[in-house]
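Dear colleague,

Here is the structure I promised to pass on to you. My notes on what was found in it follow below.

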Amino acid sequence: MDSHCDVVVLGAGPAGLAAALRAARSGASVTLVEAGDRVGGLCRTLQSDGCRYDLGGHIPFLRSPERVAWAEELMNAPLIWVDRPVARVEDGRIRAGRYIDQHPDRVGDAVPPDGSAAGELGSTVGVSFRDRIIRPYMQKVDGWPLEVIAADRAVKLRDEQRAPDGFWFPPGGIGALMDAMAAAVTDAGGTMRLSTPMTALHHESGRVTGIEVGGADPGVLHAGAVVSAITPGLVVRAADPTAPEGLLPPVTMRAVALVYLIADRAPVTDEAWIQVSDPRVPFSRIAEFANWDPAMVPPGRTVLCAEVYGTGGSDDPWWSLDDPALARACAGAMADPLGWVDDPADFRMLGVVRLPRAYPLIEAWRVDEATRAPMWLSGIEGLELARGGTVVTALEAGEAAADRAGGAVMAGAA
């Protein structure tokens, strides 16, 4: 069935929800299309065994009072202030602050930036400090030497994902904020279509003409503008007529296994999120949700999420373990070498979520190649891209794209 509206939004992650909400509240007729059966993308909150826990650790990085008030209005509840920054393990102890936030008192061996993470970090903290403190953790997460990783990766980690004093968190988990946004879209008159994959992006003479969708109600959605909050590669592959060749060079994808452990005991630590660079420990960081929102976990219990990064291949020593074995390895590491617990048998597996294509890795010398797809899409009139790394940058990108889409609708009407 064909339908018409002012704006079509692709993807119901934080960027797509923000775009749909902004457009709907501005008075536009909006249809949001999501291939999955729920909103939030990776920003979801799961439930099991009487506990709530996020799909990984998601700090929203809501910094301004205006953005905090915006979230509280949506949720009709105050946000929770978690008064601790992300912590790290260094010299066998848990210390406040991320590895990448640390700076030496004196920098005597700085190097000029060269487009790589090695150059970017070496120019600010020096080579020796970089290699001793920051390199082990970043290479454990990404699996590549700092000399290969693009500088932009280090810049975003350092500058966009900072919470030096603590952070605001939505009560009930990050998924509760996504659900509140979805409800607000509907309340503002927007249409939500879940389990509705985009199958084609129709364009003609440099302008988008419609979005073809599948699912239970297939057809073509015609709109004055389209906001894409999904991976550019998906949109390029769906282009009709076909996009030019060479827009999608091969990309290495990093895998992550989210290992959830539960125990009938008090929290293991009083930290919300801890980074671990020790290569003997399967996980690179671990979240303890009772320290984010105590109401997510019943009293006398604790739930942890250990994030295990890898290649996702059979040669990956951790990924190749089955779920129970991987959970035992994570629980065992909390006893030895970390020394956080006495008996790892106190912890049982609550679940394991495997994401074989969690995020892309871009070599420093291939950054220009990685921009070909979004650059081509940006040249299609009426198509706006909403891309952001953290929750708050995704929200901002979605709203900015919706504003541009509204301008395109008005221009088309004129």
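**Strand β12 and its partners**

In the hairpin formed by β11 and β12, where five residues lie between the two strands, G215 takes a positive phi near 85 degrees. Before going further, please keep in mind that this is a predicted model. The two strands of that hairpin, β11 (residues 207-213) and β12, run antiparallel and are joined by three bridges, and V213 has G219 as its bridge partner in β12. Strand β12 itself spans residues 219-228 and is mostly covered, with eight of its ten residues buried.

β12 also has parallel partners. Strand β1 (residues 3-10) runs parallel to β12 and is joined to it by seven bridges, with V8 standing opposite V226. Strand β19 (residues 383-385) pairs with β12 in the parallel sense as well, over three bridges, and there S228 of β12 stands opposite L385.

**The seven-stranded sheet**

An open sheet of seven strands follows the order β7-β6-β15-β16-β17-β14-β18, and its pairing is mixed. Its edge strands, each of which pairs on one side only, are β7 (93-96) and β18 (348-361). If the direction of the strands is ignored, neighbours in this sheet are turned against each other by 25 degrees on average. Within the sheet, β15 (residues 273-275) and β16 (residues 285-288) pair in the antiparallel sense over three bridges, and I274 stands opposite I286 in β16. Helix α8 (residues 323-335) packs on this sheet, where it touches β14 (252-263), β16, β17 (302-310) and β18, and the direction of the helix makes about 70 degrees with that of β14.

**Aromatic rings and charges over rings**

The count of aromatic pairs comes to eight. In one of them, the rings of Y53 and Y260 have their centres 4.6 Å apart and their planes at 45 degrees, so this pair is tilted. Because Y53 belongs to strand β4 (residues 51-54) and Y260 to strand β14, the pair ties together parts that are 207 residues apart in sequence. Y53 counts as buried at 5% relative accessibility, and Y260 counts as buried at 1%.

The rings of Y309 and Y359 have their centres 6.2 Å apart, and since their planes stand at 65 degrees, the pair is edge-to-face. Here Y309 lies in strand β17 and Y359 in strand β18, so the parts tied together are 50 residues apart in sequence; both Y309 and Y359 are buried. Elsewhere, ring pairs link F167, F169, W273, F289 and W292 into a cluster.

Charged side chains also sit over rings. The charged end of R67 sits over the ring of W70, at 4.7 Å from its centre, while R354 lies over the face of W319, 5.1 Å from the ring centre.

**The surroundings of T45**

T45 lies in strand β3 (residues 45-48) and is buried, with a relative accessible area of 16%. Which side chain makes a polar contact with the side chain of T45? It is the side chain of D54, at 2.7 Å. The side chain of T45 also reaches the backbone nitrogen of G175 at 2.7 Å. When neighbours within four places in sequence are left aside, the residues in contact with T45 include R52, Y53, G172, G173, I174, A176 and M296.

**Helix α3 and E120**

Helix α3 covers residues 117-125, and seven of its nine residues are buried, so it is largely enclosed by the rest of the structure. The buried residues are A117, A118, G119, E120, L121, G122 and V125, and the buried residues of α3 pack against α4 (127-142) and α5 (151-160). Just after the helix, G126 takes a positive phi of about 90 degrees.

Within α3, E120 counts as buried at 16% relative accessibility, the cut-off being under 20%. The side chain of E120 makes a polar contact with the side chain of R158 at 3.0 Å, and, leaving aside neighbours within four places in sequence, E120 is also in contact with P113, A151, A154 and V155. The C-alpha atoms of E120 and A110, which are ten residues apart along the chain, are separated by 9.9 Å.

With best regards

Key:
Residues are numbered from 1 along each chain as its sequence is written. This is a predicted model: local features need pLDDT of at least 70, side-chain atom pairs count only at pLDDT 80 or more; totals for chains, interfaces and linings use all residues. Side-chain values use heavy atoms; hydrogens and water are left out. Two strands pair if DSSP finds at least two bridges between them. Helices (H or I, at least four residues) and strands (E, at least two) are DSSP runs, numbered from the N terminus. Axes are lines fitted to C-alpha atoms, for helices over the stretch in contact, and angles run from 0 to 180 degrees between N-to-C directions. Contact means heavy atoms within 4.5 Å. Buried means under 20% relative accessible area, exposed over 50%, partly exposed in between (1.4 Å probe, protein chains only). A polar contact is a pair of N or O atoms within 3.5 Å; within protein, one must be able to donate a hydrogen and the other to accept it, and residues adjacent in sequence count only if both atoms are side-chain atoms. Rings of Phe, Tyr and Trp (its six-membered ring) pair if their centres lie within 6.5 Å; planes under 30 degrees apart count as stacked, over 60 as edge-to-face and the rest as tilted. A charge sits over a ring if NZ of Lys or CZ of Arg is within 6 Å of the ring centre and within 35 degrees of the ring normal.
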